[in-house]
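Work through these exercises with the model open beside you. Try each task before you read its solution.

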Amino acid sequence: MWMKFALAILFGSSLLAAFSIRPKAERIARPEAISNNNDQNEKRLRLLSWNIGNGDLESETRAHTQDLPEVANVILRNDPDAVALQELSGEEQLEFLLTQLGDRYRGFVNNGGSGDRFEALLVRVEPVAADHGAGNVAFDNVPTGGRFSAAATFRLHKDWPEIVLLSVHADAFNAAARRAFVGEVVDWSRRRGNNKIVFIAGDFNLEVGTRNRNNLFTNDAKHDSESYAYLLKYFADLGRAAGQTSLNERRIDYLFGPPARISLRHAEVLRDAAVGHMDHWPLLVEVGL
């Protein structure tokens, strides 16, 4: 008899434990569900930076017009909200690229000054919705390093913060010139005000890696280290973990953003996207706002 009584007590205790543990498990699971909902509601911004120029052995190192349809395909497949491009030959190539994109983007090329190659920006204008604000894009030339960079200011939706994106291209052979260039780019970006989120994208030609370093494109690694440190003083290097962006295991294409106002969701170098004799790969970054 006492054995049956002991088993009954044990069974009752197990039932009581089950009911007491279940609410605790539900309390643990519930915050996770809330977190997932927050992720779904988070504002996501996709940015792509790409130097679409060609290797030095080519007779024309700027972008080749015949490669632009495939450039458009890469952009459409990855669906960025905005794109920073470098080394176009001018306005005519931009217009051709916009046509290949089916007029889904608005575009701008900078004033090249005395140079023969241009930076460009694309901002997506589809899907067109009642609250979509991409039609209000403002483009501008930004004086940097004795020439100009391209800037776009836009708001993708009415309840989103205003975004500023710069497309830049620093000197390939003079590290002192790159240092001055970076200083002007960063200082201009910091003056945009607290109401805007500023991103800087492009080919900085900075040689700051310690692995397989070469000096083919730099005359002073100290200047490049100082340039990079100045950028990191105010911005996060969003593509840092994605690795090399061009031939010879070089990481010279960057995308910087303000660490206090964004969260990095994804960064990837699209190494299967180079067209023809291009020597750079596009850097794709997604952030939460």
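**Exercise 1. Strand partners**

Task: Find which residue in strand 7 stands opposite Phe154.

Solution: This is a predicted model. Start at Phe154 and look across to strand 7: the residue opposite is Ile163. Next, place the pair. Strand 6 covers residues 147–154, and strand 7 covers residues 162–169. The two strands run antiparallel, and five bridges join them. In general, strands of a sheet pair through backbone hydrogen bonds, either parallel or antiparallel.

Now step back to the sheet. It is open and has six strands, in the order 5-6-7-8-10-9 with mixed pairing. Its edges are strand 5 (138–144) and strand 9 (236–237), since each pairs on one side only.

**Exercise 2. One face of a helix**

Task: List the buried residues of helix 2 and work out how they are arranged around its axis.

Solution: Helix 2 spans residues 68–78. Its buried residues are Leu68, Val71, Ala72, Val74, Ile75 and Asn78. Look down the axis: these residues fall within an arc of 160 degrees, so they line one face of the helix. The general rule helps here. An α-helix has 3.6 residues a turn, so residues three or four places apart point the same way.

What does this face pack against? The partners include strand 1 (44–51), strand 2 (82–88) and helix 3 (91–100). Strand 3 (105–109), strand 4 (118–124) and strand 12 (283–288) are also partners of the buried residues. Finally, check what follows the helix. Asp79 comes next, and its phi is positive, near 50 degrees.

**Exercise 3. A histidine in a loop**

Task: Decide whether His64 is buried or exposed.

Solution: First locate His64: it sits in the loop between strand 1 and helix 2. Then take its relative accessibility, 13%. The cut-off for buried is under 20%. His64 therefore counts as buried.

Which residues touch it? Set aside neighbours within four places in sequence; His64 is then in contact with Asn54, Glu58 and Gln93. Compare sequence with space. His64 and Gly276 are 212 residues apart along the chain, yet their C-alpha atoms are separated by 8.7 Å.

**Exercise 4. The largest pocket**

Task: Describe the lining of the largest pocket by residue class.

Solution: Begin with the space: the largest pocket holds about 730 Å³. Then count the lining, which has 31 residues. Sort them by class: ten are nonpolar, eleven polar and ten charged. Last, find the centre. Asp56, Glu87, His169, Ala172 and Asn205 lie nearest to it.

Note on methods:
Residues are numbered from 1 along each chain as its sequence is written. This is a predicted model: local features need pLDDT of at least 70, side-chain atom pairs count only at pLDDT 80 or more; totals for chains, interfaces and linings use all residues. Side-chain values use heavy atoms; hydrogens and water are left out. Buried means under 20% relative accessible area, exposed over 50%, partly exposed in between (1.4 Å probe, protein chains only). Helices (H or I, at least four residues) and strands (E, at least two) are DSSP runs, numbered from the N terminus. The arc is that of the directions from the helix axis to the C-beta atoms. Contact means heavy atoms within 4.5 Å. On a 1 Å grid over the protein atoms alone, a cavity is a set of points where a 1.4 Å probe fits but cannot get out, and a pocket is an open set with protein on both sides within 12 Å along at least five of seven lines; lining residues have an atom within 4 Å of a point. Grid points are joined across faces, edges and corners, and a volume is the space filled by probe spheres set on the points. Ala, Val, Leu, Ile, Met, Phe, Trp, Tyr, Cys and Pro count as nonpolar, Asp, Glu, Lys and Arg as charged, and the others, Gly among them, as polar. Two strands pair if DSSP finds at least two bridges between them.
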